[in-house]
There are 2 protein chains.
Amino acid sequence: MNVKQYLIEKGKLAKSASRKMAIKETHVKNTALKAMAEALMENKNSIISANIKDMENGRQKGLSQYMLDRLLLNEKRIYDMANGLNEVASLRDPVGEVEKMWRTENNLQIGQIRVPLGVIGMIYESRPNVTVDAAALCIKAGNSVILRGGTEAINSNTILVNIIKKAAIENGLPQGCIEFIEFTDRQVVKEMMRLNEYIDVLIPRGGAGLINSVVNNATIPVIKTGVGNCHIYIDESADLKMAEDIVINAKTQRPAVCNAIETILVNKNVAKKFLPQLAEKLIKLGVELRGCSASKNILSNIKLASEEDWATEYLDLILAIKVVESIDGAIEHIYKYGTNHSEAIITNDYKNSQRFLKEIDAAAVYVNASTRFTDGSQFGFGAEIGISTQKLHTRGPMGLKELTTIKNIIYGEGQIRE
Amino acid sequence: MNVKQYLIEKGKLAKSASRKMAIKETHVKNTALKAMAEALMENKNSIISANIKDMENGRQKGLSQYMLDRLLLNEKRIYDMANGLNEVASLRDPVGEVEKMWRTENNLQIGQIRVPLGVIGMIYESRPNVTVDAAALCIKAGNSVILRGGTEAINSNTILVNIIKKAAIENGLPQGCIEFIEFTDRQVVKEMMRLNEYIDVLIPRGGAGLINSVVNNATIPVIKTGVGNCHIYIDESADLKMAEDIVINAKTQRPAVCNAIETILVNKNVAKKFLPQLAEKLIKLGVELRGCSASKNILSNIKLASEEDWATEYLDLILAIKVVESIDGAIEHIYKYGTNHSEAIITNDYKNSQRFLKEIDAAAVYVNASTRFTDGSQFGFGAEIGISTQKLHTRGPMGLKELTTIKNIIYGEGQIRE
């Protein structure tokens, strides 16, 4: 079968399932999710065996230790996936919520009711747990999902999908609600991005390369996620102890994620006082520092940052430091180099806090808190499918509600337009 | 100057203006809108002169009477545009509204505040009033706008933009808030659709050809608008007088618009009673009828509908008629041929009304009312920039709120992530 035909078959199955999914009762979806969790635990040995193949292939291909760790499934991680399914089952179903209903002058009653997006195409990279997490969230929000995971995880993903799909269908969900693209070559993804007739929305999750490729090639609407060149600006009026704690947290607590920071911007009037002690602590924690010339004057032993440093999402224990004249310099720097993800100011100045909140254009803008909170669970959404850094549809962490759209429903009594 | 460079210059101007627009006070935006309205009235003679050139060129090019009418600007229409500007000034500014704010377990205060989309690219066809309407809505919602209108209206659009832009800038709005693409060749539009660095959202307004071209070529996020193959299903339990009034209204009140109907689906148990009188009235109103074989059995003098008829948005005084077994047949037909715009059921049956509202997947689903109400003004939004028929961002009429997005703002007190 040719690739296009294969994709159309998958698309038809998913589209047809999406009609049934859209009107599925919440309790059926929840029962299926719980059954999927149980099925994962029951089949953990086969999952681990399949994963071992991926791990071996990965080692032979020379994947980094970090990549191998992302690929790994062990008993604990399988338990976490199962647990995640149960948690999604316990979340409130957004479908059918009417957030707004009003009456018009001519007595039409118009409501905006939450309905599923339809068929969601997920394109992601190495971590096999995304297969289960994404399927769970899409299903709970009443969607069908077509999954296309990374080549390295093909054996793990295949078995995971087989297990959860079987459990889902045996427990009342329609055939086609979870489809998986087994082909691993890139041409398939390109074709998938143009299946407008069958896929309503594409969500790419992964590095900048993947996301740019989807944005540039897709004709289906895309929710762009994740790339984060995040900053913290330490204002003159900052509580410097608080600033230090937040910078250390935002850089080192989990450096490889998109809401970790890459650069700090330090007001020139506190740089001398703030930087030496911070630098000492960061260096102890294994962080490499790269500074502008003014910060190098204070911290003589650090590397000089290049223009490229300001634009880089390190995703690693490296921090760039720039001394700025004032909040204006910080705002300009973020405007020039930021990726509209998460930005923070540490300040005790009312005006500056308000200016930062107003003028910074990002999915999440913080006053006196770590950027690491840009996350569906931390926001209280229960779970997330990604973090939108585009402006259409939504911005920031996307939970169940963000996997739905609205439909206008209108109750009339014979009205015609004059 | 080459086209790419020209577009980048426009993009830079608009992007830079969008930062200033985003924090512009409401009263400044309103003053500018009112000044734009006055400037139109003051310059009505020059506008009419420019429009005469377009009308002459149009006649020479052999545009249809209908197209020429869309192109025409006269004193009344200039007054309507000015009036539209004043109405937009009187609408409530959505920017800064916080629809939701909550506290997390660790005491972060998170709010979702409405902010402008940024730079909006409008690509539209012949009607020059779109130039003014779109600019007004984009500006009021705090955006910059780059306008690219139809070739036929180039003289009218150029003068309209010059007038409103001058008035806007003289009244406190930034240079670059309204930019206009003077080049009329198609290559320019294609390049414009890929200016991701400078344009946040594209809104095409026009026929199916234009919209498909934008969907297929754009790398910028698109809000798809408008194509409407809309239906009314007349249920067995319908009040047939109400059904007749609604069908006549939805077909004939303004046939060339997207929310007019193209096909009616009639329950077989009422077809014989309902169709003859309806047909007589519609034919008197100049409507051509094309029916399935069952309806031709009832209305012998009408044309037989082809498969193509079911899929056509006539935008004209033509109506297709199909007799269906039950509500199931109606739902299936709409699923197969509908364009997710506006669909209506005429019924007095509670279960059927609920099924139709639930199972029909469209921007607007009606019980006992004309589909012609799918419109920003009719919905009470004050104005509209188009009707979204896609699922991302919003669905149905788009008013000012739909020209904004959200930003998460987080008030902390030193929180770090554990």
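Helices α2(B) and α7(B) sit oblique to each other in this predicted model, a label covering whatever falls outside roughly parallel (under 35 degrees), roughly antiparallel (over 145) and roughly perpendicular (65 to 115). Their axes, for residues 26-42 and residues 154-170 of chain B, come within 8 Å and cross at roughly 140°. Axes here are lines fitted to C-alpha atoms, for helices over the stretch in contact, and angles run from 0 to 180 degrees between N-to-C directions. Helices (H or I, at least four residues) and strands (E, at least two) are DSSP runs, numbered from the N terminus. The crossing of α2(B) over α7(B) is right-handed, meaning that the near helix is turned clockwise from the far one by less than a right angle, with anticlockwise giving left-handed. On the α2(B) side the contact (heavy atoms within 4.5 Å) involves B:A32, B:A35, B:M36, B:A39 and B:L40, and on the α7(B) side B:L160, B:I163, B:I164, B:A167 and B:A168. By class, that makes ten nonpolar, no polar and no charged residues; Ala, Val, Leu, Ile, Met, Phe, Trp, Tyr, Cys and Pro count as nonpolar, Asp, Glu, Lys and Arg as charged, and the others, Gly among them, as polar.

As for the ground rules, residues are numbered from 1 along each chain as its sequence is written, and chains are lettered from A and ligands numbered from 1 in the order in which they are written. Local features need pLDDT of at least 70, side-chain atom pairs count only at pLDDT 80 or more, and totals for chains, interfaces and linings use all residues, while side-chain values use heavy atoms, with hydrogens and water left out.

Over in chain A, helix α6 (residues 129-140) and helix α7 (residues 154-170) have axes that come within 9 Å and cross at roughly 30°. That angle is why α6(A) counts as roughly parallel to α7(A). This crossing is right-handed. From α6(A), A:T131, A:V132 and A:A135 take part, meeting A:N157, A:L160, A:V161 and A:I164 of α7(A). Five of these contact residues are nonpolar, two are polar and none is charged.

Some helix packing also links the chains. Helix α1 (residues 3-22) of chain A packs with helix α14 (residues 327-337) of chain B at an angle of about 135°, their axes 14 Å apart. The two are therefore oblique to each other, and α1(A) passes α14(B) in a right-handed crossing. A:K15, A:S16 and A:R19 touch B:I331, B:E332 and B:Y335 here, a mix of two nonpolar, one polar and three charged residues.

The sheets run across both chains too. One open sheet has ten strands in the order β10(A)-β9(A)-β11(A)-β8(A)-β7(A)-β12(A)-β13(A)-β16(B)-β2(B)-β1(B), with mixed pairing; strands pair if DSSP finds at least two bridges between them. Its edges are β10 (303-304) of chain A and β1 (98-103) of chain B, each paired on one side only. Five bridges hold β1(B) to β2(B) (residues 109-116), and these two run antiparallel, with B:W102 bridged to B:I110. Helix α15 (residues 350-359) of chain A lies across β7, β12 and β13 of chain A together with β16 of chain B, at about 145° to β16(B).

A second open sheet of ten strands reads β1(A)-β2(A)-β16(A)-β13(B)-β12(B)-β7(B)-β8(B)-β11(B)-β9(B)-β10(B), also with mixed pairing. Its edge strands are β1 (98-103) of chain A and β10 (303-304) of chain B. Two bridges join β9(B) (residues 288-291) to β10(B) in a parallel arrangement, where B:R290 stands opposite B:K303. Helix α11 (residues 268-284) of chain B lies across β7, β8, β9 and β11 of chain B, running at about 145° to β8(B).

Finally, the copies themselves. Chain B superposes on chain A by a rotation of 180° with 0.0 Å of shift along its axis, at an RMSD of 0.0 Å, using least squares on the C-alpha atoms of residues with pLDDT of at least 70 in both. The copies are thus related as by a two-fold rotation axis. In chain B, the residue closest to that axis is B:H393, at 1.7 Å (C-alpha). Since 100% of the interface residues of chain B are also interface residues in chain A, the copies meet through the same surface.
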